[in-house]
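Work through the following exercises with the structure open beside you, and try each task before you read its solution.

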Amino acid sequence: MRAVTWHGKRDVRVDTVPDPVVRKPTDAIVRITTTAICGSDLHLYEVLSPFLDEGDILGHEPMGVVEEIGSEVTGIAAGDRVVIPFQVSCGHCFMCGQGLQTQCETTQVRDQNMGASLFGYTKLYGQLPGGQAEYLRVPQAQYTHIKVPDGPPDERFVYLSDVLPTAWQAVEYADIPPGGSVAVLGLGPIGDMACRVARQRGAERVIGVDLVPERLERARRHGAEAIDLRDHDDVTGAVRELTGGRGPDAVIDAVGMEAHGSPFGMLAQQLTTLLPDNVAAWMMGRAGVDRLGALHLAIDLVRRGGTVSIIGVYGGQADPLPMLTLFDKQVTLRMGQANVKRWIDDIMPLVIDDRDPLGVEGFATHRLPLTEAPHGYDIFQRKEDNAVKVLLQP
Ligand SMILES: NC(=O)c1ccc[n+]([C@@H]2O[C@H](COP(=O)([O-])OP(=O)(O)OC[C@H]3O[C@@H](n4cnc5c(N)ncnc54)[C@H](O)[C@@H]3O)[C@@H](O)[C@H]2O)c1
Ligand SMILES: [Zn+2]
Ligand SMILES: [Zn+2]
C-alpha cells in the first residue's frame, strides 16, 4: 500500500510499504477513505525527530471502512463506517472507566513511562504505524473506533478522531462560567474549533489570538473577537480592556511547544534537532526545550482565580514556569491529550445535525490525494496558500 512516511526533519514522503495484517485477535484492519494532517504532526516534522525512525508511518486522524476483524473483536464488522480515535484504548481498564482513555492501562507505553499508545506518534507513544495510509491496523478495535452512519460526507465525521474531542476537552477543562469569557491562543484547527465549541456551549465572549491574518479572519467569521499579536505591544492590556479590566475567566493555550516569539526556546529546539538522536532524546528528557511564549502569555492574561487549559502539546521536562504569578493569582491549570471517546456522545448530536452548527463541512481548506501529502505538510507548516486544515484522500 501507499503510506506517508517520515524520513527526517521536514522530509516526509509517500512510500510503498507492506499492507498491515491482523496480528492479534483484538486487531482490525480499516481501509482509509479520508485522513488529516494535524498540528501535532508538525512537531514530528520539526522538533521530535529524536524519537522517530526513518520509514515510520505518520498520521492519527483517519476514517474509513472496516476491512477485516480479529476473532475477538466485537461491536464492528467488515463494511462498517468508522472513525478511528488518535489514541488506542481498551474500554475495560481502570483508566478507561474514568474517561481517561489517554492513560489506558492496557496500551500505556510503560518502557517510556508514557500514557496510552497513539497512532503514528513516535517511540514515546508506542511507534504504531499511523493512519496517513491506504490501510491501518487498529489494536483494541473493540473500543478504538467510533461508528458513524452512512450518508453524510467524510468531512462531517473525520474530525471526531481528534479536532472535535480535543477542542471539546479544551473548553471543558477551561471551566468557563455561564456567560463568561475565554481567550484562545492559537487559531489553528484546534484553537479555531475551540472558539466555535466555546460559543456553542454558551461563552459570552470568545477572544482568539494569533498572528496569521486568514486564521484571525476565520475565527471572526464564526463569532469570535480576534486579536492580531503583531498589532499589540501589550496583548494582555488589550484583552483586559475587552474583559472589564480583569482578564478572561479562562485561557486556552492551543499553540504548544513551538510558539513563535520565544527566542530562548528556539535555540534549544534547534540544538536538539542538530544533536545525534540519543543525545537529543536525553536532552529533551531532562531539559527545558519548549518555546513557552504562548503559555507565559496565557498565565499573564487569565484573570485572578481563573483557569488555564493547555491543549497545545509540550515536550520538555524542565521548562521554567512563573510560579510566583501562578500561585499569587490562584490559577487553576488543566492539560493533557484529549480523551477522545469520553466526549463523543456529547459531540455526535452536533455533527449529525444537518444544520452543521460547528461548521465542520467547510472546515478543511485543502483536500489532496494522499500522494501529495509532502506538499500538504509543507503548506500547512509554512501557513501558505491559506492552509489551515489539510485532508488527504488515499
Ligand atoms: N492535547 C491534544 O490532544 C491535542 C490534539 C491535537 C493537537 N494538539 C496540539 O494543539 C496545538 C495546535 O494544533 P493545530 O492543529 O491547531 O496546529 P497549528 O500549528 O496549525 O496551530 C498553532 C497556531 O498557533 C499560532 N501561534 C504560534 N505562536 C503563537 C503565539 N505565541 N501566540 C498565539 N498564537 C500563536 C500559529 O500561528 C498557529 O495558527 C499543537 O500544539 C498540537 O500539537 C493537541
Ligand atoms: Zn492530532
Ligand atoms: Zn483501557
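**Exercise 1: a strand and its neighbours**

In β9, the residue G208 is the bridge partner of V184. Keep in mind throughout that the model is a predicted one.

Task: Find out which strands pair with β8, and in which sense they run.

Solution: Begin with β9, which runs parallel to β8 and is joined to it by five bridges. Next turn to β11, which also pairs with β8 in the parallel sense, here over four bridges, and in which A250 is the bridge partner of V182. Finally, follow the chain through β8, α5 and β9, and you will find that these elements make a right-handed β-α-β unit.

Task: Decide whether the residues of β8 are buried or exposed, and which way they point.

Solution: Sort the residues by direction, so that S181, A183 and L185 point one way from β8, while V182 and V184 point the other way. Then check each residue for burial, counting it as buried if 20 or more other C-beta atoms lie within 10 Å of its own. Five of the five residues of β8 pass this test, and therefore the strand is largely enclosed by the rest of the structure.

**Exercise 2: a helix and its cover**

Task: List the buried residues of α10 and name elements that cover them.

Solution: Go along the helix from residue 293 to residue 301, and note that G293, A294, L295, L297, A298 and L301 are buried. Then look at what lies over these buried residues, where the cover includes the strands β8, β11 and β12 as well as the helix α7.

**Exercise 3: two domains and a ligand**

Task: Explain why ligand 1 can be said to lie between the two domains.

Solution: First divide the chain into domain 1, made of residues 2–162 and 339–393, and domain 2, made of residues 166–335. The centres of these domains, taken over C-alpha atoms, are 24 Å apart, and 22 residues of domain 1 are in contact with 26 residues of domain 2. On the side of domain 1 that touches domain 2, the largest share comes from α1, with four residues.

Now turn to the 33 residues around ligand 1, of which G39, S40, G186, G188 and G256 come nearest. In this shell α1 gives the most, again with four residues, and by class the shell has 17 nonpolar, 13 polar and three charged residues. Because domain 1 and domain 2 both give residues to the shell, ligand 1 lies between them.

Terms used: Residues are numbered from 1 along each chain as its sequence is written. Chains are lettered from A and ligands numbered from 1 in the order in which they are written. This is a predicted model: local features need pLDDT of at least 70, side-chain atom pairs count only at pLDDT 80 or more; totals for chains, interfaces and linings use all residues. A residue is buried if 20 or more other C-beta atoms lie within 10 Å of its own, exposed if 12 or fewer, and partly exposed in between; C-beta atoms are placed from the backbone. Helices (H or I, at least four residues) and strands (E, at least two) are DSSP runs, numbered from the N terminus. Two residues are in contact if their C-beta atoms, placed from the backbone, lie within 7 Å. A residue is near a molecule or strand if its C-beta atom, placed from the backbone, lies within 6 Å of it. Ala, Val, Leu, Ile, Met, Phe, Trp, Tyr, Cys and Pro count as nonpolar, Asp, Glu, Lys and Arg as charged, and the others, Gly among them, as polar. Domain bounds come from an automatic or database domain assignment. Two strands pair if DSSP finds at least two bridges between them. A crossover is right-handed if, with the strands pointing away from the viewer, the path from the first strand over the helix to the second runs clockwise.
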